[in-house]
Amino acid sequence: MSFIAESELIINSRGAIYHLDVTPEELAPVVITVGDPDRVAQVSKHFDRVEVKRQHREFITHTGYVGNKRISVVSTGIGPDNIDIVVNELDALANIDFSTRTIKPELTSLQIFRIGTSGSLQASIPVDSFVAGTHGIGIDNLLHYYRHENNDEEKLILREFNAHTQLEGRLSPYIASAATSLLKQFVTGYHNGITVTCPGFYGPQGRILRLGLANPELINRLTEFEYGNHRISNFEMETSAIYGLGKLLGHQCLSLNVIVANRVTKQFTKDGAAAVESIITKTLGIIAHS
Ligand code: R1P
Ligand code: URA
């Protein structure tokens, strides 16, 4: 049993992990991550009771119950670098014994759902609709800091993606899959497709304000990608990192995003708050009854 030093696993005076400021007892086995810290209360207002409320930096956590199901909702802030912190700390809370600083002999597999916002890359996936990501393709590099492997299907999709987008060499895309056990519960009312995760909102998602793009064709290439039944449905800034790290750590992950902008038809949602509220209530209803 190897001991994890204080410099590697930072536990504060409350016995809570450093960034999230949550103790192992305060975390539920079902976790909903949201990017926006304000969205935590928007989710937990639907709980029958909230028993824990914590906040440190952009990481807000509320833990409570919907019926008999104990659920934590945690804000990640924006981007894959924040996901590195959140997913590693969620796993540490579940699977490291804080008193001995050793990995527990019996590991817990968390269910981790992201409820986020994203941009559609298909004209047929309109604003205010929902996407359950079958896979995350990351153009952000996070997973390359960890030893990882892909299954045959993932390898084939990634090979075709690299050939089609010509990104390899400039970037190093990676792929990770949703938990199929969770994905199959999110069929009715959700589009399925590959979610691409970008390391930024502007240039990396093809938005031009004052700067020119190094790869102006990228968005079109993503929209046109086809491999068997696989298409790229949407892009945002967290999914591939959650899928990649979550799977390596043995957790079951599913990313659910509401479309707030359609980058093909150039539509933008008329009421973003209502769109987010509707994906929260629909998703929470399925999670609570699963
Ligand atoms: C960008 O505006 C943010 O919105 C999306 C992106 O992934 C990024 O985090 O998700 P959230 O609404 O969950 O933050
Ligand atoms: N979030 C993103 O990252 N991109 C969008 O277009 C909308 C939300």
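These legends go with close-up views of a predicted model, covering ligand 2 and the two largest pockets.

**View 1. Ligand 2 and its shell of residues.** Here's who sits around the ligand: Thr117, Ser118, Gly119, Phe201, Gln205, Arg207, Phe235, Glu236, Met237 and Val260. Standing alone, ligand 2 would expose 240 Å², and the protein buries 92% of that. Sorted by class, the shell comes out as four nonpolar, four polar and two charged residues.

**View 2. Polar contacts from Gln205 and Arg207 to ligand 2.** Zooming in on Gln205, an N or O atom of its side chain is 2.7 Å from a nitrogen atom of ligand 2. Over at Arg207, a polar side-chain atom lies 2.6 Å from an oxygen atom of the ligand. Both residues belong to the set surrounding ligand 2.

**View 3. The strands around ligand 2.** Which elements give two or more residues to the shell? They are β7 (111-120) and β12 (230-236). β7 has the largest share, with three residues.

**View 4. The second largest pocket, where ligand 2 sits.** This pocket has a volume of about 450 Å³. Its lining runs to 23 residues, with Thr117, Ser118, Phe201, Met237 and Val260 nearest the centre. Those five also turn up in the list of residues surrounding the ligand. At least two lining residues come from each of β7, β12 and β13 (252-262), and β7 has the largest share with four. As for chemistry, the lining splits into seven nonpolar, eight polar and eight charged residues.

**View 5. The largest pocket and the residues at its centre.** Moving on to the largest pocket, there's about 600 Å³ of space in here. The lining is made of 22 residues, and the ones nearest the centre are Asn88, Asp91, Ala92, Ile96 and Leu249. What classes make up this lining? Count 14 nonpolar, three polar and five charged residues.

**View 6. Helices lining the largest pocket.** Two or more lining residues come from each of α2 (80-95) and α6 (239-248). Of the elements, α2 gives the most, with seven residues. Asn88, Asp91 and Ala92, which fall within the α2 range, are among the residues nearest the pocket centre.

How values were computed:
Residues numbered from 1 in each chain as written. Chains lettered and ligands numbered in written order. Predicted model: local features only at pLDDT ≥ 70, side-chain atom pairs only at ≥ 80, totals over all residues. Heavy atoms only, no water. Near = heavy atom within 4 Å. Polar contact = N/O pair within 3.5 Å; in protein donor to acceptor, adjacent residues only side chain to side chain. Areas by Shrake-Rupley, 256 points an atom, 1.4 Å probe, with all protein chains shown as cover. 1 Å grid on protein atoms, 1.4 Å probe; cavity = no way out; pocket = protein on both sides within 12 Å on 5 of 7 lines; lining within 4 Å. Sits in = over half its atoms within 2 Å of the grid points. Nonpolar A, V, L, I, M, F, W, Y, C, P; charged D, E, K, R; others polar. Points joined across faces, edges and corners; volume = space filled by probe spheres on them.
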